[in-house]
Amino acid sequence: MISYTSFAFFILFFGITYLLYVLCPTKAKWAVLLVGSYVFYIFSSKGHVLTLIAATLIVWGAGLWIDKLDDTFKQKRKGLERAEKKALKAKYSRYKTCVLWAGLILTFALLITCKYTNFFVDTINGIFGAGLAKTSIVQPLGISFYTMMAASYLIDIHSGKYKAQKNPFRVGLYLAFFLTIVEGPFARYDQFGTQLNNPKRFKASDFVYGAQRVVWGLFKKVVIADRAAEYVDIVFDNSNKYSGIVVLVAILFYTLQLYCEFSGVMDIVSGLAETMGMNLPENFRRPFFAKGINEFWQRWHITLGAWLRDYIFYPISFSKTFMNASKKARSKFSPYYANLVPTAVALFFVWFANGFWHGAGWKYIVYGLYYYVLMMIGLFMEPLFRKICDKTKINRTKKAFGIFQMLRTFIIVNIGMLIFRADTLCQAWSMLCSVFEKPNFDVIRPGAHNGLGLDLYDYLILLLGTFIVFVVGVIQEKGIDIRAKIAKLPFIVKFVLFMAAIMIVIIFGAYGESYGKVDLIYANF
């Protein structure tokens, strides 16, 4: 695919698209973005574009159908008695729900067919020994992202949040927009589709602000993440050769790599959108300052968590079935545990979906349920933890306890990252156990010719880069807007800072013959 960090993307693709976008009339800007997005997608996906077109046509048609049913109901209810209106409303609500489910089933059928067919084949063969042959279906680029966006578009129309878009090409732009289709974020139609359809005029301040964020994202991705990937890939690809401190560092480096790459790419695409006068929803908010798993996932991949909350958790937990179950539980349990009944069931589906969305494999399901189990343990044990802290005089509001919570969450997340990165669950378990073997610090020492891909220069850059990211995070946690502070500086100072940042990325970036090519991790999902 055309990487967001490549010179080809910035100079040839985005440069040309941006120039045309700025110069063309306001009414035609969306068309420039549509053509540019499909050119980008066709080249990046090697021509596998039919699934994207099919998903677009399905949700566009289903959305219009739901709107038409709404309009028909409004016309027919005129002059009817209250009871007749109620019966008519129920009838058309059923019609709308049928159309919604038909659209969702067809849309998700595309995702399941392209992404999960071989997973089901492997599972059936493993359980029943059926001997089914795998398919050669290609997984289209970004299908997990645009499918979820398509589903949210259709569900929101059904709920009356907004009217369906009549122009199929504008729906196509929303789903195929080149800055969101590869790694997200999940931009809701009312959040972002309206911006695409009503673009703003060029503003120099938007360009400057966006460019600052792009450079920051490139720093995290090219300087830190791509450098850490060298070490991570070698250890994980040859995990049977390493143990102790080498494996521990590989796990920590992978967490660093994934965070700096994913959040870095989000900074790049958000910054590029900002140069065009558009705002993408935030996807990261300093997750490693979280004091618990729930808070971590409210800060990490925020838009995915919000999608799962709004379209899975709320519909299940607030359904009549589970509300009634909660009422019955109150007669047998305390109010705290009674309220956990619908929450526990709904969260199971949330975390199962979270894991399954990430990949077609049991390790991804275990990855999701790993967080679910730990979260449930925390929720069910909370009254006991509270009593223990009260008896031992532990003040849970103290800063020291907050630091303990952050360290505990960091350890939990790193184990989760190990499950996520390992090829199999067996490899993940083996590597976790090997961490506790006798450490050999000589193996990891720079210049020891250990074949781990990094020298002293690389280690120092990783250390300094991580420190910079941490300091920036601390400042932002205090509510300080760094870009706003920079904007108030004299022009010459801003110019020198910006050019220095660009030179740092160019000079210290992990690219060239000494480093391997690093593909975007989340582009595979």
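1. Gln-139 sits in the loop that joins H4 to H5. This is a predicted model. The relative accessible area of Gln-139 is 31%, so the residue is classed as partly exposed, given that the partly exposed class runs between 20% and 50%. Its C-alpha atom lies 38 Å from that of Phe-467, a residue 328 positions away along the chain.

2. Helix H5, on one side of that loop, has 16 residues. From first C-alpha to last it reaches 22 Å, close to the 22 Å expected at 1.5 Å a residue. Of the 16 residues, 14 are buried, so H5 is largely enclosed by the rest of the structure. Just after the helix, Gly-160 adopts a positive phi of about 85°.

3. H5 also matters for the description of helix H3, since it is listed among the elements that cover the buried residues of H3. That cover also includes helix H2 (29-44), helix H4 (82-128) and helix H6 (168-176). H3 itself runs over residues 50-76, which gives 27 residues. Its end-to-end C-alpha distance is 39 Å, close to the expected 39 Å.

4. Which residues of H3 are buried? Among them are the aliphatic positions Leu-52, Val-59, Ile-66 and Leu-69, together with Phe-73. The buried set also includes Thr-51, Thr-56, Gly-63 and two aspartates, Asp-67 and Asp-70. Ala-55 and Ala-62 belong to it as well.

5. Ser-37 is a residue of helix H2. Its relative accessibility is 0%, so it counts as buried; the cut-off for that class is under 20%. Leaving out residues up to four places away in sequence, Ser-37 touches Leu-173, Ala-176, Phe-177 and Phe-178. Helix H6 spans 168-176, and Leu-173 and Ala-176 are among the residues that Ser-37 touches.

6. Gln-212 belongs to helix H8, which covers residues 204-237. Is Gln-212 buried or exposed? With a relative accessible area of 15%, Gln-212 is buried. Residues up to four places away in sequence set aside, it touches Arg-483, Ile-486 and Phe-498.

7. Phe-385 is part of helix H14 (residues 362-391). At 35% relative accessibility, this phenylalanine counts as partly exposed. Beyond its neighbours within four places in sequence, Phe-385 is in contact with Gly-378 and Arg-396.

8. For the protein chain as a whole, the secondary structure comes to 20 helices and 0 strands. The C-alpha trace spans about 85 × 65 × 60 Å along its principal axes. A compact globule of 525 residues would have a radius of gyration near 24 Å, and the 25 Å found for this chain agrees with that.

9. Buried residues account for 48% of the 525 residues. Counting contacts with a separation of 6 or more, 76% are between residues 24 or more positions apart. The accessible surface is about 26,600 Å², and carbon and sulfur atoms contribute 67% of it.

10. How many positive and negative charges does the protein chain have? There are 58 positive and 31 negative charges, and their mean positions are 11 Å apart.

Conventions
Residues are numbered from 1 along each chain as its sequence is written. This is a predicted model: local features need pLDDT of at least 70, side-chain atom pairs count only at pLDDT 80 or more; totals for chains, interfaces and linings use all residues. Side-chain values use heavy atoms; hydrogens and water are left out. Helices (H or I, at least four residues) and strands (E, at least two) are DSSP runs, numbered from the N terminus. The radius of gyration is taken over C-alpha atoms; the globule rule is 2.2 Å times the number of residues to the power 0.38. Buried means under 20% relative accessible area, exposed over 50%, partly exposed in between (1.4 Å probe, protein chains only). Contact means heavy atoms within 4.5 Å. Accessible areas come from the Shrake-Rupley method with a 1.4 Å probe; for residues, only the protein chains shown count as cover. Lys and Arg count as positive and Asp and Glu as negative; His and the chain ends are not counted. The place of a charge is taken as NZ of Lys, CZ of Arg, CG of Asp or CD of Glu. The expected span of a helix is 1.5 Å times one less than its number of residues.
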